[in-house]
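Work through these exercises with the structure open beside you. Try each task before reading its solution.

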Amino acid sequence: REPIVFTSDGAQSPEVAQSQEIPEGFFEVTVNDVQTLAQNLKQKVSLLDGPLMTRSHREALEAAKLQQYERATVRVQFPSRVSLQAFFNPFETVGALYEFVRQSLGDASTKFELYTTPPKRALKD
């Protein structure tokens with residue numbers, strides 16, 4: 001996994017970081033987000049209108065597309081502004097990510113939630 005721990009430049013004390021919480025409105029979908037989603041949907045629909053393929057041909061195309069990525073870089077940022085970076089195989093599950101973070105915390109009983117932004121979307125274990 002090659003874990004790397006680092007702090008962001010200009011790191012602030014935890015008290016200052018907590019006082020600068022990101023407002024919930026930051027994670028709401030904007031007009032620009034909707035336009036991007038609509039464009040992506042159009043692309044998917046155009047693929048459905050394409051030529052018919054057998055299941056094995058579709059699976060072969062999917063496998064070829066996934067093999068172009070050797071690894072995925074994932075960064076987890078903690079409230080203390082410390083970041084943990086690791087590399088994952090693109091075929092690994094979110095459960096593997098949760099397990100990695102849990103082991104990195106040292107205390108397995110610590111509760112945490114992983115999510116992507118923007119928009120804020122929780123990742124299920």
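**Exercise 1. The second largest pocket**

Which residues line the second largest pocket? Then find its volume and the helices that contribute to its lining.

Solution. Keep in mind that this is a predicted model.
- Step 1: list the lining. The second largest pocket is lined by Lys44, Ser46, Leu47, Leu48, Gly50, Pro51, Leu52, Met53, Arg58, Leu61, Glu62 and Lys65.
- Step 2: look at the helices. Helix H2 spans 31-48 and helix H3 spans 55-67. Each supplies at least two residues of this lining.
- Step 3: give the volume. The space in this pocket comes to about 420 Å³.

**Exercise 2. The sheet**

State the strand order of the sheet and name its edge strands.

Solution.
- Step 1: read the order. Three strands form an open sheet, ordered E1-E3-E2, and their pairing is antiparallel. Such pairing runs through backbone hydrogen bonds.
- Step 2: find the edges. Strand E1 (4-7) and strand E2 (72-77) each pair on one side only, which makes them the edge strands.
- Step 3: add the twist. From one strand to the next it averages 25°.
- Step 4: inspect one pairing. E1 and strand E3 (residues 82-88) are joined in the antiparallel sense over four bridges. Within E3, serine 83 is the bridge partner of phenylalanine 6.

**Exercise 3. Serine 83**

Is serine 83 buried or exposed? Find what it touches.

Solution.
- Step 1: place the residue. Serine 83 sits in strand E3.
- Step 2: apply the cut-off. Buried means under 20% relative accessible area. Serine 83 has 7% relative accessibility, so it counts as buried.
- Step 3: list the contacts. Leaving out residues up to four places away in sequence, serine 83 touches Ile4, Val5, Phe6, Val76 and Gln77.

**Exercise 4. Helix H4**

Describe how helix H4 packs on the sheet, and check its length.

Solution.
- Step 1: find the contacts. Helix H4 (residues 94-105) packs on the sheet and touches E2 and E3. Its direction makes about 135° with that of E3.
- Step 2: check the span. H4 has 12 residues. From first C-alpha to last it reaches 17 Å, close to the 16 Å expected at 1.5 Å a residue.
- Step 3: pick out the buried residues. In H4 these are Ala96, Leu97, Tyr98, Phe100 and Val101. Their cover includes E2 and E3.
- Step 4: look just past the helix. There, glycine 106 takes a positive phi of about 90°.

Technical notes
Residues numbered from 1 in each chain as written. Predicted model: local features only at pLDDT ≥ 70, side-chain atom pairs only at ≥ 80, totals over all residues. Heavy atoms only, no water. Pairing = 2+ DSSP bridges. Axes fitted to C-alpha atoms, helices over the stretch in contact; angles between N-to-C directions. Contact = heavy atoms within 4.5 Å. Expected span 1.5 Å × (residues − 1). Buried < 20%, exposed > 50% of the residue type's maximum accessible area, 1.4 Å probe, protein only. 1 Å grid on protein atoms, 1.4 Å probe; cavity = no way out; pocket = protein on both sides within 12 Å on 5 of 7 lines; lining within 4 Å. Points joined across faces, edges and corners; volume = space filled by probe spheres on them.
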